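User: I would like a close look at one part of this complex, followed by a connected account of the charged contacts and backbone features around it. Please keep the sentences short.

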Amino acid sequence: MSMQDASALQVLDGALSAGEIETVDLTHTLDPDFPVIVLPPEFGQCARFRVEEVSRYDERGPAWYWRNFSCSEHTGTHFDAPIHWISGKDLPDAAVDSIPPTAFVRPVCVIDCSAESAKDEDFLLTEEFIQAWEKTHGDIPAGSWVLMRTDWSKRSGAEYLNMREDGAHTPGPTGDAIKYMVEERDIIGFGTETVGTDAGQATHLSPPHPAHYLLHGAGRYGLQCLANLDSLPATGAILVCPPLKIKNGSGSPLRVLALVDRSAA
Amino acid sequence: MADPLQRPAKKDPQKRTTSPTLPPFARSRKAVAFTAAAAEGRFALQVCDECEHVTYPPREVCPKCWSMELNWCDVESGGALIAATTLRTSVNTYFRERMPWRIGTVQLDAGPTVLAHIHGDVEEFARVTIIARTDKSGQGVMLALPVKETLNMADDRQLRALTCNPKYRRALVTDGRTELGQRMVKALADAGASRIFVGIAEEWRPYSGQDALLKIPGVETMPLDVTNTISVNELAAEMGDKADILINTAEYVRPGSAMDRHGVTLARDEMETNYFGLMRLIQAFGPGMRGRGADGENSACAWVNLLSVYALSNWPVYGTTSASQAAALSLSQGLRADFAGSGVKVINVLFGPLEESWRQPLPPPKVTPQRLADTVIHALTEGIENVTLGPVAEDVVRRYKEDPFVLERELTQMHAGMTI
């Protein structure tokens, strides 16, 4: 069968089987010890991931092992729907169960901020930084996901949230950067390796939490607690990120995959 | 003087762990009141309402005037040893394993003549002070102590059988992130505990006091989150065989009644720590401790629950927290049944408002974390199972004993509409 005769999916299947397209896992394991976002104590808090055994080949169920698990819609590697934020609360199709599934399989651009984030834990991704990236890699295509690579996923323990008495210190985008990506580039969503799409000190930005406020206000999506972004190319990969179909869900833990073309390598 | 307690040698891994055996358990229904007082460290006997005659052993009617009105009252603890003997054989397994054992007859200043266990330092015909405590069966017994403190007095074998002295024992403090947990650890170290395992939840979040905590001698911090079954089970697997004393300092406190609350999320968090947390600890550490109740000088001996006094009766200002504490208190009563026959005591400390951030707006008098820690050490060294701490708690317990329904009315009416 020649390439001309094959359907796009058959080509994809062939490339996957041949290892020309690699499936990269961008997900942290759902683990009770994985950090979650910590809000001021008087606010409601994000539930940690927990499991309780129902049976394990024992008197509760002799031949089978299964567990109940519990967590927040925003625990572990997770998806943010527009209704997560007040700015997106009245938008149509803005919950995880109503978002059109086309959003979950899209091209992805990766902006490498790892060197800058290593030098400055409060590094902010600006409009100018994105424009400089575009000079090298071309304009961000409309409908793409944009992921901010900081190598933050390589941190563990207290280094990950990096909490101090004045709050968390982790990199994130400025409001102008989000506005540029949404208004000028029409991205479908923005993702990070840190615990949220916003910087640790984003409550002090204007508007506060610009990624949440502006992305979700414009009906765009968020991904956070991503891993392995260092194995993705700047452009050309496909992101696969379907959240659980939770009725009226504000978000969901999920498995995030990237399809990366290794044939050129 | 008693032989000074030596640091116990490491356990011989080839020897079978001694199973707990028990002193006589049977008591009359009337005598349970003696045990209840002993569990609080009180020496109470029946006193006749009509003729003020003090009677012992417990009876249905006054032997002097035949009145039925016998009330349990705290009585004078002084007395004189009028006869003593040292048992060298017994048909009871518990005593056979602990021979020689000293018993004697004491003429109480309160009136009756009683049979009591005798501390090794009491001289014949000497004045004594009687203490009432629960023994390994959980039943109230009397021990005659010297009137004046003697050298190594706490190390006496017969006294140690009634107490849970932390000296040379290994303890687990379940939450070391809080000031309470850290004061508890320091107090245990000061009381001579040989190793102190300290649970730290969520090491990915910093906490204050960490540096000072790690400097306390004998301290080992371990990952432990009582809301996480896996974490509790893993720690028990790692060091559960060394938990001679478990002190549960984990608590989750939030103000608000059910109607003040918006949804059940916070209430679930309260239950996760205060109730399910206790249950996870019981399931993970309980069986091991139950099997080690007679494991030499550093046998498992005490499980300590720190509970708000509003576990007894709901205080609406902290209404749903009170409910979770009530659940924990109920579970702790069940734990006494689980540990029955093991010789491990369940010590419940009911405390009034604690000096900590979630109770910050409450007016004094409050209980400081230091005072609570000191009180736990006192309860352990004295072998007291039920402790009430602080003026607020004392008031609530007093009124609870008088009439729990009146207390309920008072707590729910006087704080109507008060929110924190």
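Is A:Glu22 buried, partly exposed or exposed?

Analyst: A:Glu22 is partly exposed, with a relative accessible area of 34%. This is a predicted model. The predictor gives the complex an ipTM of 0.93 and a pTM of 0.95. For chain B the mean pLDDT is 95, and 99% of its residues reach 70 or more.

Start with the contact that A:Glu22 makes. Its side chain forms a salt bridge with A:Arg262, and the closest N and O atoms are 2.5 Å apart. This pair links distant parts of the chain. A:Glu22 sits in strand β1 (residues 21-25) of chain A, while A:Arg262 sits in the segment after β15 (257-261) of that chain. In sequence, 240 residues separate the two. A:Arg262 is partly exposed, with a relative accessible area of 28%. The cut-offs explain the label: 28% is partly exposed because buried means under 20% and exposed means over 50%. The 34% of A:Glu22 falls in between as well, so A:Glu22 gets the label partly exposed.

Over all chains, the structure holds 44 salt bridges. Two from chain B are worth setting beside the A:Glu22 pair.

Take B:Asp244 and B:Arg170. They form a salt bridge whose closest N and O atoms are 3.0 Å apart. B:Asp244 lies in the loop between α6 (229-239) and β12 (245-248) of chain B, and B:Arg170 lies in strand β9 (residues 170-173), so the pair ties together parts that are 74 residues apart in sequence. B:Asp244 counts as buried, at 0% relative accessibility. B:Arg170 is buried too, with a relative accessible area of 15%.

Now take B:Asp395 and B:Arg399. The closest N and O atoms of this salt bridge are 3.3 Å apart. Both residues belong to helix α10 (residues 391-402) of chain B; because they are four residues apart there, about one helical turn separates them. B:Asp395 counts as partly exposed, at 28% relative accessibility. B:Arg399 is buried, with a relative accessible area of 14%.

Some bridges also share partners. In this way B:Lys11, B:Arg170, B:Asp244, B:Arg292 and B:Asp295 are joined into one network. The B:Asp244 and B:Arg170 bridge described above is between two members of that network.

Next, the surface. A negative patch draws on both chains: A:Asp31 and A:Asp33 from chain A, with B:Glu203, B:Glu234 and B:Glu238 from chain B. Within this patch, B:Glu203 is placed in the loop between β10 (195-200) and α5 (210-215) of chain B. B:Glu203 is partly exposed, with a relative accessible area of 45%. The loop that holds B:Glu203 also holds B:Glu202. B:Glu202 has a positive phi of about 45°, although it is not a glycine. B:Glu202 is buried, with a relative accessible area of 11%.

Chain A carries a nonpolar patch as well. A:Ile37, A:Leu39 and A:Phe43 make this patch, which covers about 260 Å². A:Leu39 lies in the loop between β1 and β2 (50-58) of chain A. Strand β1 is also where A:Glu22 sits. A:Leu39 is partly exposed, with a relative accessible area of 35%.

Now the backbone. Most residues other than glycine have a negative phi, and most peptide bonds are trans. A:Asp186 has a positive phi of about 55° and is not a glycine. Its place is in the loop between α5 (175-184) and β11 of chain A. A:Asp186 is partly exposed, with a relative accessible area of 40%.

Cis peptide bonds occur in both chains. In chain A, one joins A:Ser206 and A:Pro207, with omega about -5°. A:Pro207 is placed in the loop between β11 (189-192) and α6 (210-217) of chain A. In chain B, one joins B:Tyr56 and B:Pro57, with omega about 0°. B:Pro57 is found in the loop between β2 (54-55) and β3 (70-74) of chain B.

One last site in chain A is A:Ser156. This serine lies in the loop between β7 (145-149) and α4 (158-161). At 55% relative accessibility, A:Ser156 counts as exposed. Its C-alpha atom is separated by 44 Å from that of A:Ser7, which is 149 residues away along the chain.

Technical notes. Residues numbered from 1 in each chain as written. Chains lettered and ligands numbered in written order. Predicted model: local features only at pLDDT ≥ 70, side-chain atom pairs only at ≥ 80, totals over all residues. Heavy atoms only, no water. pLDDT = per-residue confidence, 0-100. Patch = residues over 30% accessible without salt bridge, like charges linked within 9 Å, V, L, I, M, F, W, Y side chains within 5 Å. Areas by Shrake-Rupley, 256 points an atom, 1.4 Å probe, with all protein chains shown as cover. Salt bridge = Lys/Arg side-chain N within 4 Å of Asp/Glu carboxyl O. Lys, Arg positive; Asp, Glu negative; His and termini not counted. Charge placed at Lys NZ, Arg CZ, Asp CG, Glu CD. Buried < 20%, exposed > 50% of the residue type's maximum accessible area, 1.4 Å probe, protein only.
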